[in-house]
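Here is a walk through a protein model for someone who hasn't met it before. Take a look at it, then read on.

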Amino acid sequence: MQMITHKNQLPPIILGSSSPFRKQLLEKLHIPFSQFAPEIDETPLSGETPQQMVERLSLLKARAIQKQHPDKIIIASDQCATFNDQPIGKPHTHENAVKQLKNFSGQSIIFYTGLAVIDPSNETCHQTIDKTVVHFRNLSNETIENYLLAETPYQCAGSFKSEGLGITLFESIQSKDPNALIGLPLIELTSIFKTMGITLPLAD
């Protein structure tokens, strides 16, 4: 296998996501890439665990982009947060957000982040799942209200933004990759790239 060590040797890369947070994370690796949102049905299957779901949806997203761009490296990810083994949804309203954060007070939630990378040179798909455990502080009503009014995370699963002020709600985070909580496990991605013969960081 020929090792890729310069950016001009790198095949075109597509991030299969419309998320600005995943875009910002991938930019950390200083590699050129395009961004496209895959169109797939993200409805959970009956009896499917959160781990199984993120693994399946990551692959579906990558395959959907691959159909349109078979000659490019495809990176796709999916994430599910769980509390007491049940998926956590978006609150949509202030009232629901207050309920979620009160439930999380002094408790822990788990994030499963799936990653799928398609190598066009041999059509191999590399997959992995990151598990991150977030432990919440004991949250007072005032803390919850202050946070929600400051950041209005009503379209975020769990009613917080870990990349923003949500970090003030946490007591600790157990993870081998802090990037995974935001949506893209870069350590695993870098390892997959190495398996593909791409050694980061790349020279200009």
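What follows is a short tour of helices, cysteines and a few backbone oddities.

Keep in mind that this is a predicted model. Let's begin with helix H2, which runs from residue 50 to 68. With 19 residues, H2 reaches 28 Å from its first C-alpha to its last, close to the 27 Å expected. Quite a few of its residues are buried, among them Met53, Val54, Leu57, Lys61 and Ile65. Notice how the numbers are spaced: an α-helix has 3.6 residues a turn, so residues three or four places apart point the same way. And what do the buried residues of H2 pack against? The answer is strands: E2 (13–16), E3 (34–36), E4 (73–83), E6 (108–119) and E7 (124–136).

Next come two helices that meet each other. The axes of H3 (residues 94–104) and H4 (residues 141–151) come within 10 Å and cross at roughly 135 degrees. H3 and H4 are therefore oblique to each other, and their crossing is right-handed. On the H3 side, the contact is made by His94, Ala97, Val98, Leu101 and Lys102; H4 brings residues including Ile144, Tyr147 and Leu148.

Now for the cysteines. How many disulfides does a search of the whole structure find? Zero. For Cys125, the nearest cysteine sulfur belongs to Cys80 and is 20 Å away. Cys125 is partly exposed, at 23% relative accessible area. Cys80 also holds the closest cysteine sulfur to that of Cys156, but at 15 Å the two are too far apart for a bond.

Leu10 is a nice example of parts of the chain coming together. You'll find Leu10 in the loop between E1 (4–6) and E2, and it counts as buried because its relative accessibility is 12%, below the 20% cut-off. Leu10 and Leu202 sit 192 residues apart in sequence, yet their C-alpha atoms are 9.0 Å apart in space. Leaving aside neighbours within four places in sequence, Leu10 is in contact with Ile4, Ile31, Pro32, Ile198 and Leu202.

Just before Leu202 there's a backbone quirk: a cis peptide bond joins Leu200 and Pro201, with omega about 0 degrees. Pro201 is found in strand E9 (residues 198–203).

Two more quirks involve positive phi values. Glu123, in the loop between E6 and E7, has a phi near 60 degrees even though it isn't a glycine. Ser159, in the loop between H4 and E8 (170–174), isn't a glycine either, and its phi is about 70 degrees. Which of these loop residues is buried, and which is exposed? Glu123 is exposed, at 59% relative accessible area, whereas Ser159 is buried, at 0%.

Methods. Residues are numbered from 1 along each chain as its sequence is written. This is a predicted model: local features need pLDDT of at least 70, side-chain atom pairs count only at pLDDT 80 or more; totals for chains, interfaces and linings use all residues. Side-chain values use heavy atoms; hydrogens and water are left out. Helices (H or I, at least four residues) and strands (E, at least two) are DSSP runs, numbered from the N terminus. The expected span of a helix is 1.5 Å times one less than its number of residues. Buried means under 20% relative accessible area, exposed over 50%, partly exposed in between (1.4 Å probe, protein chains only). Contact means heavy atoms within 4.5 Å. A disulfide is a pair of cysteine sulfur atoms within 2.5 Å. Axes are lines fitted to C-alpha atoms, for helices over the stretch in contact, and angles run from 0 to 180 degrees between N-to-C directions. Angles under 35 degrees count as roughly parallel, over 145 as roughly antiparallel, 65 to 115 as roughly perpendicular and the rest as oblique. A crossing is left-handed if the near helix is turned anticlockwise from the far one by less than a right angle, and right-handed if clockwise.
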